[in-house]
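Dear colleague,

I am passing on the structure we spoke about, together with notes on what turned up when I went through it. Please read the notes with the coordinates open beside them.

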Amino acid sequence: MTEQVPQTLRIDDEASLPAVRRAVDEAGRSLGFGLVDQTKLMTAASELARNIVLYAWDGKVTIEHSAGAGRRGLRLTFEDGGPGISDLERAMQDGYSTGKGMGLGLPGAKRLAHEFFIDSKPGIGTRVVFVLWRR
Ligand SMILES: Nc1ncnc2c1ncn2[C@@H]1O[C@H](COP(=O)(O)OP(=O)(O)OP(=O)(O)O)[C@@H](O)[C@H]1O
Ligand SMILES: [Mg+2]
């Protein structure tokens, strides 16, 4: 399969998720991630993409290589123009959910990442950056 990085994929409903998983899987493999890192990547990508479907309804993910200080990795940027998160500090804590979830998606993705940034503005949207370096 042809690997295209950087690549941006729209996330607008549950049916978008398999394509996102496939693209992230391919990008990780092409960088030579091992099974453990590949699993971390897929878990985080699934959670962050699913959050867009559940809470923002429409957004996108950009998959790109990341390089610096002699290392290579993968950067996933999830962006949406949804309602935003009014209390980001709480949203980053285990167990906080405004829906029916376990409230583990965001804090879990952060724990899996080597670098994790989240920015959210109520009424404007949310942007999450997840980076995993090749070890
Ligand atoms: N993209 C987003 N836009 C708006 N709100 C969001 C977004 N992502 C997360 N949230 C808010 O942050 C809360 C915490 O998200 P998190 O993924 O940690 O838990 P959850 O989705 O509720 O449950 P789980 O992921 O464990 O199934 C959500 O309940 C939701 O209120
Ligand atoms: Mg979630």
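I would start with W133, which is placed in strand 5, spanning residues 125-133; please bear in mind throughout that this is a predicted model. W133 counts as buried because its relative accessibility is 9%, below the 20% cut-off. Leaving out residues up to four places away in sequence, W133 touches F33, D37, S66, A67, G68, R71, R72, G73, H114 and E115. For one of these, R71, the distance along the chain is 62 residues, while the C-alpha atoms of W133 and R71 are separated by 6.9 Å.

T77 can be read alongside it, being found in strand 3, which covers residues 71-80. With a relative accessibility of 5%, T77 also counts as buried, and, when residues up to four places away in sequence are not counted, T77 touches K60, V61, T62, E64, R127, V128 and V129.

Turning to the interior, the largest nonpolar core has 32 residues, and the members that touch the most other members are I11, I63, L76, F78 and F130. Two or more residues of this core come from each of strand 1 (7-11), helix 1 (17-31), helix 2 (35-56), strand 2 (59-68), strand 3, helix 4 (105-112) and strand 5, and the largest share, nine residues, is that of helix 2. As a general background to this, nonpolar side chains in soluble globular proteins tend to be buried together. To take I11 as an example, its contacts, apart from neighbours within four places in sequence, are S16, L17, V20, A49, I52, V53, W57, D58, G59, K60, V61 and F78.

The next item is the largest pocket, which holds about 640 Å³ of space. Its lining consists of 29 residues, and those lying nearest the centre are N51, Y55, I85, T98 and L106. By type, the lining divides into 15 nonpolar, nine polar and five charged residues. Helix 2, strand 3, helix 4 and strand 5 each supply at least two residues of this lining, with helix 2 giving the most, namely eight. N51 itself is placed in helix 2 and is buried, with a relative accessible area of 17%; apart from residues up to four places away in sequence, N51 touches A56 and L106.

Since helix 2 gives the most both to that core and to the lining of the largest pocket, its geometry deserves a look. Helix 2 has 22 residues and reaches 31 Å from its first C-alpha to its last, which is close to the 32 Å expected at 1.5 Å a residue.

Finally, two backbone angles are worth checking by eye, given that most residues other than glycine have a negative phi. Just after helix 2, W57 takes a positive phi of about 65°, although W57 is not a glycine. W57 belongs to the loop between helix 2 and strand 2 and is exposed, with a relative accessible area of 56%. A69, likewise not a glycine, has a positive phi of about 50°; A69 lies in the loop between strand 2 and strand 3 and, at a relative accessible area of 79%, is exposed.

With best regards

Conventions. Residues are numbered from 1 along each chain as its sequence is written. Chains are lettered from A and ligands numbered from 1 in the order in which they are written. This is a predicted model: local features need pLDDT of at least 70, side-chain atom pairs count only at pLDDT 80 or more; totals for chains, interfaces and linings use all residues. Side-chain values use heavy atoms; hydrogens and water are left out. Helices (H or I, at least four residues) and strands (E, at least two) are DSSP runs, numbered from the N terminus. Buried means under 20% relative accessible area, exposed over 50%, partly exposed in between (1.4 Å probe, protein chains only). Contact means heavy atoms within 4.5 Å. A nonpolar core is a set of buried Ala, Val, Leu, Ile, Met, Phe, Trp, Tyr and Cys residues joined through side-chain atoms within 4.5 Å. On a 1 Å grid over the protein atoms alone, a cavity is a set of points where a 1.4 Å probe fits but cannot get out, and a pocket is an open set with protein on both sides within 12 Å along at least five of seven lines; lining residues have an atom within 4 Å of a point. Grid points are joined across faces, edges and corners, and a volume is the space filled by probe spheres set on the points. Ala, Val, Leu, Ile, Met, Phe, Trp, Tyr, Cys and Pro count as nonpolar, Asp, Glu, Lys and Arg as charged, and the others, Gly among them, as polar. The expected span of a helix is 1.5 Å times one less than its number of residues.
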